[in-house]
2 protein chains.
Amino acid sequence: MIHLNLHDPRPMYEQVVDQMEMLAVRGVLEADSRLPSVRQMAMELSLNPNTVQKAYSELLNRGVIYSVRGKGNFVSSDCSRIRQQKLDEIRSAIARLIHQAHELGATTQQCNELLQSFMEVEQS
Amino acid sequence: MIHLNLHDPRPMYEQVVDQMEMLAVRGVLEADSRLPSVRQMAMELSLNPNTVQKAYSELLNRGVIYSVRGKGNFVSSDCSRIRQQKLDEIRSAIARLIHQAHELGATTQQCNELLQSFMEVEQS
DNA sequence: CTGAGTGTACTAAGCGTAATAGTACACTTG
DNA sequence: CAAGTGTACTATTACGCTTAGTACACTCAG
């Protein structure tokens, strides 16, 4: 389910968080479906249970999952809000990049052409 | 010249590198002009000389500056290549973000609208 | 009820990077 | 020659990531 990349400089727990979040938001993981337990996930990924616990805590913090003591961790029922939030973050990131391009001396026209190059034609 | 942000999670030397690079690429720092010495810059920024040295080493590595033993560090004469390289990185970053938006379930049309929203009208 | 499995919360240790501190050496310039 | 410079080390401290181990409250199947 999760694929860890040892060459990725980011910490393991962060990779787990990002991939789980993506799976939940995309609907690959059904709402209210149960996730592997902390210990089981740790076994599968060859990680320490504490590392997985840290990832689950972060996911809980972001509202992607909810925890039930003695039962397990479950996918949150409203991931659409998370999805919209992530799209907003993407929007902000692009804004920062365009601003940075301007700082590098790119003209408005050059920035427009840059953006234009990513426009795709709709398949009919 | 340089402004350090203690709340920025990135290491100090990285902040120095990025800001110096931006100043050099934008032409704020003239080509072949001399930079503050390692020790002087360390004084100004309240950093250890070693930290500044690390930043200068990275800038040397990127081709932004060149060093002359016993004389000082100087702004590289051809920063246009660096500028183009940074613009290419911005292009790649936007590509990744658009790809991420698609992964989040955004349609091609929604991505186009997102890009369109950053298009600016040329001032005449 | 009992025991296995679960989430959760600690402490301790090892490891790597960032940063500071100090020293040393080769070089350039006045 | 002396001051200032780049450069290269070592040692130390601090912090975050990770592993390891333990402990406790809870749920559920038996």
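Contact here means heavy atoms within 4.5 Å. With that in mind, here are three close-ups of a predicted model.

**View 1. Chain A and chain B are related by a two-fold axis.** Two copies of a chain are related by a rotation about an axis and a shift along it. Turning chain A by 180°, with 0.0 Å of shift along the axis, superposes it on chain B with an RMSD of 0.1 Å. That is the relation of a two-fold axis. Of the interface residues of chain A, 100% are also interface residues in chain B, so the two copies meet through the same surface.

**View 2. Helices α1 and α3 of chain B cross at an oblique angle.** Helix α1(B) covers residues 12-26 and helix α3(B) residues 49-62; their axes come within 8 Å and cross at roughly 45°. An angle of that kind makes α1(B) oblique to α3(B), and the crossing is right-handed. On the α1(B) side, look for contact residues including B:M12, B:Y13, B:V16 and B:M20. From α3(B), the residues that join in include B:K54, B:A55, B:L59 and B:R62. Taken together, the residues of this contact divide into eight nonpolar, one polar and five charged.

**View 3. Strands β1 and β2 of chain A form a hairpin.** Here β1(A), residues 65-68, runs antiparallel to β2(A), residues 72-75, and four bridges join the two strands. To find your bearings, start at A:Y66, whose bridge partner in β2(A) is A:F74. Three residues lie between the strands, and in the turn A:G70 has a positive phi of about 80°.

Technical notes. Residues numbered from 1 in each chain as written. Chains lettered and ligands numbered in written order. Predicted model: local features only at pLDDT ≥ 70, side-chain atom pairs only at ≥ 80, totals over all residues. Heavy atoms only, no water. Least-squares fit on C-alpha atoms with pLDDT ≥ 70 in both. Axes fitted to C-alpha atoms, helices over the stretch in contact; angles between N-to-C directions. Parallel < 35°, antiparallel > 145°, perpendicular 65-115°, else oblique. Left-handed = near helix turned anticlockwise from the far one by under 90°. Nonpolar A, V, L, I, M, F, W, Y, C, P; charged D, E, K, R; others polar. Pairing = 2+ DSSP bridges.
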